[in-house]
Amino acid sequence: MRLFPVRGGIHPDYRKERTSESAIVALPLPAALYIPLQQHIGAASEAVVAVGDVVKKGQIVARSGGVVSAASHAPTSGRVAAVTDFTAPHPSGLPQPTIVIEPDGRDEWAADLPPGIDDPFAADPKAIRDRVAASGIVGMGGAAFPSAVKLNLGTQHKLETLLINGAECEPYLTCDDRLMREFAAEVVDGARVMAHALGAPRVVVGIETNKPQAIEAMTRAAAAFPDVTVVGVPVQYPMGSERHLTQAITGRETPARKLTADLGVVVHNVATARAVHHAVRFGRPLVRRVVTVSGGAIARPANVEAPLGTLVSELVAFCGGFSQPPRRVVNGGPMMGQPLPSLEVPVVKGMSGILALTLDETDEKPSQPCIRCGSCVTICPCGLVPVEMAAFIRHDNLDGAAKSGVMDCVSCGSCSYICPSHIPLVHFFNYAKGALNAKDRERRHLDQIKALAESHALRVEKQAAAKKAAAAAAAAARAQAAAAPLTDDDKANA
Amino acid sequence: MLLDVGSLAVMGVTLGAVLGTAAKLLAVPNNPLEEELQALLPGSQCGQCGFVGCAQYAAALAKGDTPVTLCAPGGKATIEVLAKRLGVSADTDGHEEQAPQHAHIKEDLCIGCLRCVQECSTDAIVGANKQLHTIIVDQCHGCAKCFKVCPTEAIEMCTVPVTLSAWHWGKPRADQAHH
């Protein structure tokens, strides 16, 4: 299959060999599971269980809270110990409502799980989407966007390709690699079911060529299906970004503020495809995921399949704890991952890796003045000019930064990585994107307030006018009554 | 008698006509800038800027004799659009950045008097006579008018909490950010 070049990008030291040969191991049930109500992009889910409720594995514990939202399910059988605020696996360390489940150790599936769909390719695409939504599946590559919403794209766009993202371009992470090697058939089946739900005639699986075993396993699993092609894509960070993978496969660049669906392509992660396979074939909701636990400070790096809601500290303990004090613990890969506020936070649906990085593995050199080398411009995979945007942001000119395209930055971190002066470029862009979004929210809130104030004023005015009219009518009636000649009855009475 | 009535009537008609035409010919048009500025303000007439309402603040802004930083419920977003429209630099340094606020009713103190409900210009308070009132936080913009009229001090102003979806990274510190 012909591939197309993608601009920019970097070639970091991948360090995947630490976990790539260790098969996925299941984590024993921890003492408590913490299910946050916001594990996905969109509206938070709403708890449907209360303290003391007995839950079975796979039973819904929080329902979807809006159009873009996702349900959550009990990862094992047990009792709801609390519904309380608990630290989120988020750099802010803010608390968020969380359902705490105490496992009973029996790990029993709920009896009322929906049955598997025997022939999903004969089923109505809507039935598949509903099943995916009911199973609480979100994008498991890290973004955690509700998958059912993405599977709806076929109703509004003419789709040609479902692209399965097995690029896994982040250093250290090997969870997708292992998944493709060990469960290739499940991934391929999930992908074909998704393609049916989307109405996309072909499936392309893109895997970076530094994972030859995964490519081989997936090619073998897909051999029986002429509509599925497995492609090795160049090893070039950030190939796993959906826009860049789409460009490598189709040769077309996704326009700013558009979706890949506008090009007829929808991208899903390999772990998502496997979750869809389980949901559709067996009616099992998303209750576990594979997490790469790695980094120089981890004693025994591994790929661990953990129930959602397991504390990160338990994952780390399972991998032998720390061999030396970590400088930083990161959720995700080293390029785009976010620091964790503490180890006492739960594993969530979008958590692909936990990296305990040593001082040698982090770059904390003080930043120096920019020497105008232009490296950041050359490597920016989005074709932006990081040096210029950062200058705007440094001078608080967020509008200027927005005009130079900061909102089109995918925060891949290549510019920060390459900068010889160690300028925290991507930090500037993350700040600017957050601040611009906050400004936008404030603006929308103000518009809503204005509309409310206007309708209130209008109503008050109307009420005053109505009151006046009623008073006038009453006065007129009184006057008329006073002036009216005596009726026959009155005369008779007189 | 007839003469008096007649002359007064003639004078009245002539003077009326003169005044009427003068009003038309010499009319001062409403300052369009004022209306434009007023449209940029929240329109809740809360008076926290020190003027009677949004229209009066807009008029003062149009004349250029008041800073653009006075609208508390409008926040930074309003300051910026006003400054942009008026072509002045939004000097927010002296302006103390106040985090967005919302009102909250302490349930054990509310007597259900309806005064706050009548005062609210965005219909953000729900309640009936002698029934507990409550605030719809999404519709409240923290103008504090209800706070001022409550006879039992049952209303407090709270800072809108930072949620996970609203949180974002701060600006890199100056020592990390040479250029």
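**Note on the chain contact, the domain contact and strand β13**

1. Start with the chain contact: 33 residues of chain A meet 25 residues of chain B, where contact means that C-beta atoms, placed from the backbone, lie within 7 Å. Two elements of chain A, α12 (386-394) and α15 (425-483), give two or more residues each to the side that touches chain B. The largest share, 17 residues, is from α15(A). Helices here are DSSP runs of H or I with at least four residues, strands are runs of E with at least two, and both are numbered from the N terminus.

2. Before going on, keep in mind that this is a predicted model, with local features needing pLDDT of at least 70, side-chain atom pairs counting only at pLDDT 80 or more, and totals for chains, interfaces and linings using all residues. Residues are numbered from 1 along each chain as its sequence is written, while chains are lettered from A and ligands numbered from 1 in the order in which they are written.

3. As for make-up, the side of chain A that touches chain B holds 16 nonpolar, eleven polar and six charged residues. Nonpolar covers Ala, Val, Leu, Ile, Met, Phe, Trp, Tyr, Cys and Pro; charged covers Asp, Glu, Lys and Arg; the others, Gly among them, are polar.

4. Within chain A there are domain 1 (17-110 + 118-242 + 268-284) and domain 2 (292-361), with bounds from an automatic or database domain assignment. Their C-alpha centres are 19 Å apart, and each domain puts 38 residues into the contact.

5. On the domain 1 side of that contact, α1 (17-20), β1 (25-26), β2 (33-36) and α5 (175-182) of chain A each bring at least two residues. β2(A) has the largest share, with four residues. By class, this side of domain 1 of chain A comes to 24 nonpolar, eleven polar and three charged residues.

6. Now have a look at β13 (residues 288-294) of chain A. Seven of its seven residues are buried, so the strand is largely enclosed by the rest of the structure; buried means 20 or more other C-beta atoms within 10 Å of a residue's own, with C-beta atoms placed from the backbone. R288(A), V290(A), T292(A) and S294(A) face one way, and R289(A), V291(A) and V293(A) the other. That fits the general rule: side chains in a regular strand alternate between the two faces of the sheet.

7. β13(A) has pairing partners too (pairing takes at least two DSSP bridges). With β14 (residues 302-307) of chain A, β13(A) pairs antiparallel over six bridges, and R288(A) has P307(A) as its bridge partner there. With β17 (residues 353-357) of chain A, the pairing is parallel over three bridges, and V293(A) sits opposite I354(A).

Terms used:
Contact = placed C-beta atoms within 7 Å. Buried ≥ 20, exposed ≤ 12 C-beta atoms within 10 Å, placed from the backbone.
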